Amino acid sequence: MHISAADIARLVKGELIGDGTVLVSGFSGIKEAKKNELTFLANPKYEPLLRDAQAGVILVPRQISCPGKTLIKVDNPSLSFTEVVNYFLKDAPDYKPRGIHPTAVIAPGAQLSLHVAVGAHTVIEDGAVIGEGSVIYANCYVGHETHVGKNCLIYPNVVLREKVILGDRVIIHSGTVIGSDGYGYIPVDGKHVKIPQVGTVLIEDDVEIGGNVAVDRARFDKTIIGEGTKIDNLVHIAHNVTIGKHCLIVGQVGISGSSKIGNYVILAGQVGIVGHLEIGDGAIVLAQSGVSHSIKAGEQVFGSPAHPVKEALRNNAHIQRLDKYVETIKDLKKRIEELERK
């Protein structure tokens, strides 16, 4: 597919600057894009990159100019770029399964709504309910009495254990397990006796969960993932955790049992959170932080143990200068000893 700069401008409702006849047939980053490709500049601080950009058409913020380039000025270049990519993808090959594959094993008591697709070798147990328009790829397992909402997308090799509940438009990527047993044991006579995990997992509408994520079922009641939350790969969410709406949880995060995460929280990569804590609405935990105490709404923390960002960075700066502090202390100690001798 080819699309002209003028057509892109109409599609994203942007202001065209330059040659509207320029054609693009692909997309790339601003440093890599070629003359037949579209790119975008989202952050004005990277404006110097425009001078050397080879892209045929560039989506930019409205305040940006660059003579000699074909630009389309928009309010949100990243969002507009996504709109154009989606326009191209509408004619891309669709690899979703169609209908029910003959090797799928579907229990007589399972309920499949209209337009459901089930891939090869997937197992759907008794009492499971699959909502209208949902697609379940090959080699998945849907447990007893698990409910999958409308227009969900379950990629290959996903496990949905018994009595799990998914809302509408949920996306779950390969290798993820929803509803595995919570990690709970009682020490008795030198042995670890397993505590039954009889709760479930509730995943609300428009949640996306990456690959190889484990969301444990609650000991009692529910582990909850709130509406619109996006979870990256290799995340572990323990039993009875509650995550609010529209959170961003980045790769390798671990959230211990019974912690409560508010709405619009960001947990950056490799964050670890101790159990039974509360993270307030809008809080941000920077990468590789270890959270051992509750965090207030809107607070930004960093470090292990995590502290408010400014304090943590100041402390870290002091640690980087420890060798100089040691030399200063040695020098002062030597001077004091000389003064005492006098």
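Trainee: Which residue of β31 stands opposite I237, and what makes the two strands a pair?

Mentor: In this predicted model, the residue that stands opposite I237 is I255 in β31. Strand β28, residues 236-237, is joined to strand β31, residues 254-255, by two bridges, and the two run parallel. Since pairing asks for at least two bridges between strands, the two bridges found here meet that cut-off, and β28 and β31 count as paired.

Trainee: To which sheet do β28 and β31 belong, and why is the sheet called open?

Mentor: They belong to an open sheet of ten strands, in the order β8-β11-β14-β17-β20-β25-β28-β31-β34-β37, with parallel pairing. At its edges stand β8 (105-106) and β37 (290-291), each of which has a single partner strand, so one side of each is left without a neighbour in the sheet.

Trainee: What makes us say that both faces of strand β23 are covered?

Mentor: In a regular strand the side chains alternate between the two faces of the sheet. In β23, residues 200-203, T200 and L202 lie on one side and V201 and I203 on the other, and all of these are buried, where buried stands for under 20% relative accessible area. Both faces of β23 are therefore covered.

Trainee: Which strands pair with β23, and which residues stand opposite I203?

Mentor: Strand β18, residues 165-166, pairs with β23 in the parallel sense over two bridges, and L166 stands opposite I203 there. Strand β26, residues 222-225, is joined to β23 by four bridges and also runs parallel to it, with I225 standing opposite I203.

Trainee: Why is T122 called buried, and where in the chain is it found?

Mentor: T122 is found in the loop between β10 (117-118) and β11 (123-124). Its relative accessible area is 0%, and because the cut-off for buried is under 20%, T122 counts as buried. Leaving out residues up to four places away in sequence, T122 touches A104, V105, I136, Y137, A138, N139 and C140.

Trainee: How do you know that the side chain of T122 makes a polar contact with Y137?

Mentor: The side chain of T122 reaches the backbone oxygen of Y137 at 2.6 Å. A polar contact requires a pair of N or O atoms within 3.5 Å, and the distance of 2.6 Å satisfies that limit.

Trainee: Why is A42 called partly exposed?

Mentor: The relative accessibility of A42 is 40%, and because partly exposed covers the range between the buried limit of under 20% and the exposed limit of over 50%, A42 falls into that class. The residue lies in the loop between β5 and α2 (49-52). Apart from its neighbours within four places in sequence, A42 is in contact with P61 and P77. A42 and N76, which are 34 residues apart in sequence, have their C-alpha atoms 7.1 Å apart in space.

Trainee: What is the strand order of the sheet that contains β5, and which strands are its edges?

Mentor: Five strands form this open sheet in the order β2-β7-β6-β5-β4, with mixed pairing. The edge strands are β2 (15-17) and β4 (26-27), each of which pairs on one side only. Helix α1, residues 5-12, packs on the sheet and touches β2, β5 (37-40), β6 and β7, with its direction at about 5 degrees to that of β7. Helix α3, residues 77-89, lies across β4, β5, β6 and β7 and runs at about 150 degrees to β5.

Trainee: Why is β6 described as largely enclosed, and how is it paired?

Mentor: Five of the five residues of β6 are buried, so β6 is largely enclosed by the rest of the structure. β5 and β6 pair in the parallel sense over three bridges, and the bridge partner of L38 in β6 is V57. Strand β6 (residues 57-61) also pairs with β7 (residues 71-74), parallel and over four bridges, with I58 opposite L71 and L59 opposite I72.

Trainee: How does the radius of gyration of the protein chain stand against that of a compact globule?

Mentor: The protein chain has 27 Å, whereas a compact globule of 342 residues would have a value near 20 Å, so the chain exceeds the globule rule, which is 2.2 Å times the number of residues to the power 0.38. Along its principal axes the C-alpha trace spans about 95 × 80 × 30 Å. Buried residues make up 40% of the 342 residues.

Notes
Residues numbered from 1 in each chain as written. Predicted model: local features only at pLDDT ≥ 70, side-chain atom pairs only at ≥ 80, totals over all residues. Heavy atoms only, no water. Contact = heavy atoms within 4.5 Å. Axes fitted to C-alpha atoms, helices over the stretch in contact; angles between N-to-C directions. Buried < 20%, exposed > 50% of the residue type's maximum accessible area, 1.4 Å probe, protein only. Polar contact = N/O pair within 3.5 Å; in protein donor to acceptor, adjacent residues only side chain to side chain.
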